[in-house]
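Visitor: I should like to examine a single part of this structure closely. Please begin with one pairing, and then describe what surrounds the part in the same chain.

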Amino acid sequence: MTDGPPTVLAAELIRWSWIGDHLDDILDALLQHLQLTGLAVLFGTLLAFPLALAAIRWPPLYSPILGFTGVLFTIPSLALFILLIPFTGLRIGTPLIGLTMYTLLILVRNMVEGLRGVDRDVREAAQAMGYTPARQLFRVELPLAMPVIMAGVRIATVTTIGLVTVTALIGWGGLGQLFLDGFTLNFPTPLIVGVVLSALLAFAADLLLVSVQWGLAPWARGRRS
Amino acid sequence: MRRIRLGSAAAAVCLALLVAACGGGEDALQGGNQPSDRSSVIVGSTNFPEQLILAQMYAAVLEKAGVDVTTRLNLGNREVVFPALEKGEIQLLPEYNGSVLSFLNPEATAVTSEEVNTALAPLLQAKNLVALEQSPAEDKDAWAVTQETASRYNLRTIDDLKPVAGQLVVGGPPELKTRPAGLPGLKRVYGIGDFKEFKALDAGGPLTVSALKKGDIDVGRVFTTQGVIAAEGWVVLEETKPLQPAQNVVPVGRTDAMTDQVKNALNALSAKITTEELTKLNAQVDVEKKDPEQVARDWLTQQGLI
Amino acid sequence: MDVLGDLIRWLTAPEQWSGPAGIPARTVQHLWYSLVATAIAAAIALPIGVGIGHVGRGGLLAINLSNLGRALPSLGILILVFTLVGFGVVPVLVALTALAIPPIVTNSYVGMRSVDRDVREAAEGMGMTGWQVLWRVELPVAMPLVMAGIRTSTVQVVATATLAAFVGLGGLGRYLIDGFAQRDLPQVLGGAVLVAVLSLLTELALGRVQTLVVSKGLAERSAAAAVGAKVQKAA
């Protein structure tokens, strides 16, 4: 077994000049990452809402929806993206549909759990006060469900930021593109930049969303979410 | 009160980021339907260093010719990239005539450059694609072994594999198992039986290179212009029978995007790319770890093409 | 839809079930990567989570570092380690272990902290040493959460071990990568289904283990509480 010359360790781990020369590529990757994440979470939230409401309104739908979403979540993301390629090719639909599906799965469960967790007494009080169902939903149930829903948004966002990197294998990737560049060229610098930036991005997003969660539901701060 | 203000501020920031991300920065979200404007071309590439160099060369000479160029490089393997070309999501690819032919027609048996190009043209035309003039440069699929393995089993040509195949582990891209020019071809043309094991890695990429270096495979699929072959002192087994088709570097593009302006620029470039030149450029990226775009542009400047 | 037919044909073809490239062999490889990585992760994470939970200090730091760990992209770690050490199992094990550590740390810490202060003080009052408190009192109470953490980790790792195929190793991810390269979509779909099924089975199996491992005392305590509540209502 020949141990080849340690070409990689001899090369620098971080070539700062590479970073300097490729700042615009790095920024493009970061921007693509933000766009894919933002759109996926946005669409996921919009689509999860009616599904969650349906599950609450018609209890028989509850178990099937939860079961179905739970199962879909175990499908490896790469497989999903690969299977979408014949339909949407290299266009943004391929990563976006897959990513949205995963955020949808997380958000539906949290929305349902959150809305269900609202005390029966509170709901009955609102009805007694003459609130219409819509008003009850928006002014009473949703705000109370907010901590659990926001926890879902947090998990969905951090998960999506990670999943976006996987889309590099199908022509997208955001910061994941930097992983592939490092892999193809056998050169650690873009790799390290990509890993560090995507980890920081996920961490920052989590912190940002925690503050939103605090702000939107100050009464729930004591509770463990 | 302060908490609520902090929370609302954070929410506002989130919203702003979301709007900015969706609204601005259209460039990063390319891949949508680009207008088939005569003077704009999207150049794509698959995922190995030579492709990056070639694509950057195409982009540079097209820019010089006054064409609007966008690049979408390192997209993945041909399975991702060629369908994108067929759908018009990219408009130009550096390709290898033999490989495209077997991609489009796995049963193809053409071997010389002329035969390959003749067989290829109608297949491309059916998809609104066209191959421009080929380069003299060829990057052929080949089999490599380490010096050690070559001496131990006395390997110089592919025929020499026949008696010892059962003791050797072979590695290459997953499709090697099924492609006519891959393992089935070795059986059909050289009569080489089953190897001890086939490891599905990549096509001459980092996995195959590392596995060959470390001895996890004995025989690896490589490409003849790769710089790592010379750097590691590997032995490329000689072909004694016609199996591998010609693999001239050739630009393949969408017919409607290949205007005269584009064609002239690319044909002038293709004529100057030779196998030796290409190998040298690959070594600069593979071994010296130079940046592909820089390597491409420096060479083009030297050649007086930009 | 013929896709379903092709998938079933692929799954039931006899070649799939024998040999080194067969489903059983690949499943074993897949589980090997997953279980080894989770075991290493547990060996690292449990002492940290339990230790910090017992001492009661440094929890915030531990939790935040753990969250940072959750933010690391597994694919990136995989490729990075590969670029540094080359072909072999090390890149896969490092990436999967990194993925498995955070849930175990967080859950163990929270589990240990959930022990009633009174219970701890009572134990100390009885003359138990720190170690005894940890083993005889805190750990048993923390067990449900500790097990939940291990369960979450393991299932996540099983679902992510498809990464091994990306660096040329085995496991069920091979069907995804090979199917993609050979343009054999039923193979990709088959691989996806197999991984999903394996993840679900892992979740169920560990659920069983959890019921077996959680101290009967805790189970009894909640049963007693339920009976007590019923009695009070009747009164």
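Which residue in E8(B) is the bridge partner of B:Ala142?

Guide: The bridge partner of B:Ala142 in E8(B) is B:Val222. The model is a predicted one, and every value below is computed from it.

The pair belongs to a ladder between two strands. Strand E5 of chain B, residues 141-145, is joined to E8(B) by 4 bridges, and the two strands run antiparallel. E8 itself covers residues 219-223 of chain B. It also pairs with strand E6 of chain B, residues 169-172, this time in the parallel sense and over 2 bridges. Within that parallel pairing, B:Val170 has B:Val219 as its bridge partner in E8(B), while B:Gly171 stands opposite B:Gly220.

These pairings sit inside an open sheet of 5 strands in chain B, whose order is E7-E6-E8-E5-E9. The pairing in this sheet is mixed, as the parallel partner E6 and the antiparallel partner E5 of E8(B) illustrate. The edges of the sheet are formed by E7 and by strand E9 (235-236) of chain B, each of which pairs on one side only.

How is E8(B) covered? Of its 5 residues, 5 are buried. The cover extends to both faces of the strand. On one side the buried residues are B:Val219, B:Arg221 and B:Phe223; on the other they are B:Gly220 and B:Val222. B:Val222, the partner of B:Ala142, is thus found on the side that holds B:Gly220. The charged residue B:Arg221 is among those buried. For the chain as a whole, 48% of the 306 residues of chain B count as buried.

The edge strand E7 leads to the boundary with another chain. In total, 15 residues of chain B are in contact with 11 residues of chain C. On the chain B side, the elements that give two or more residues are strand E7 (197-200) and helix H8 (206-214). H8(B) gives the most, with 5 residues. By class, this side of chain B has 6 nonpolar, 3 polar and 6 charged residues.

Chain B contains 12 helices and 10 strands, and the packing of its helix H2 may be set beside the sheet. Two packed helices are described by the angle between their axes and the distance between the axes. H2(B), residues 49-64, and helix H10 of chain B, residues 260-272, have axes that come within 9 Å and cross at roughly 130 degrees. The two helices are therefore oblique to each other, and H2(B) passes H10(B) in a right-handed crossing. From H2(B), the contact is made by B:Met57, B:Tyr58, B:Val61 and B:Leu62; from H10(B), it is made by B:Val262, B:Ala265, B:Leu266 and B:Leu269. By class, this contact has 8 nonpolar, no polar and no charged residues.

H2(B) also packs with helix H11 of chain B, residues 275-286, at an angle of about 115 degrees and with the axes 9 Å apart. That angle makes H2(B) roughly perpendicular to H11(B). The crossing of H2(B) and H11(B) is right-handed. Here B:Pro49, B:Glu50 and B:Ile53 of H2(B) meet B:Leu278, B:Leu281, B:Asn282, B:Val285 and B:Asp286 of H11(B). The residues of this contact divide into 5 nonpolar, 1 polar and 2 charged.

One loop residue of chain B deserves attention for its backbone. B:Asn74 lies in the loop between strand E2 (68-72) and helix H3 (78-87) of chain B. Its phi is near 55 degrees, a positive value in a residue other than glycine. B:Asn74 is buried, with 26 other C-beta atoms within 10 Å.

Finally, the contacts of chain B may be described by sequence separation. Among contacts between residues at least 6 apart in sequence, 77% join residues at least 24 apart. The bridge with which this account began, between B:Ala142 and B:Val222, belongs to the antiparallel pairing of E5(B) and E8(B).

Notes:
Residues are numbered from 1 along each chain as its sequence is written. Chains are lettered from A and ligands numbered from 1 in the order in which they are written. This is a predicted model: local features need pLDDT of at least 70, side-chain atom pairs count only at pLDDT 80 or more; totals for chains, interfaces and linings use all residues. Axes are lines fitted to C-alpha atoms, for helices over the stretch in contact, and angles run from 0 to 180 degrees between N-to-C directions. Angles under 35 degrees count as roughly parallel, over 145 as roughly antiparallel, 65 to 115 as roughly perpendicular and the rest as oblique. A crossing is left-handed if the near helix is turned anticlockwise from the far one by less than a right angle, and right-handed if clockwise. Two residues are in contact if their C-beta atoms, placed from the backbone, lie within 7 Å. A residue is buried if 20 or more other C-beta atoms lie within 10 Å of its own, exposed if 12 or fewer, and partly exposed in between; C-beta atoms are placed from the backbone. Two strands pair if DSSP finds at least two bridges between them.
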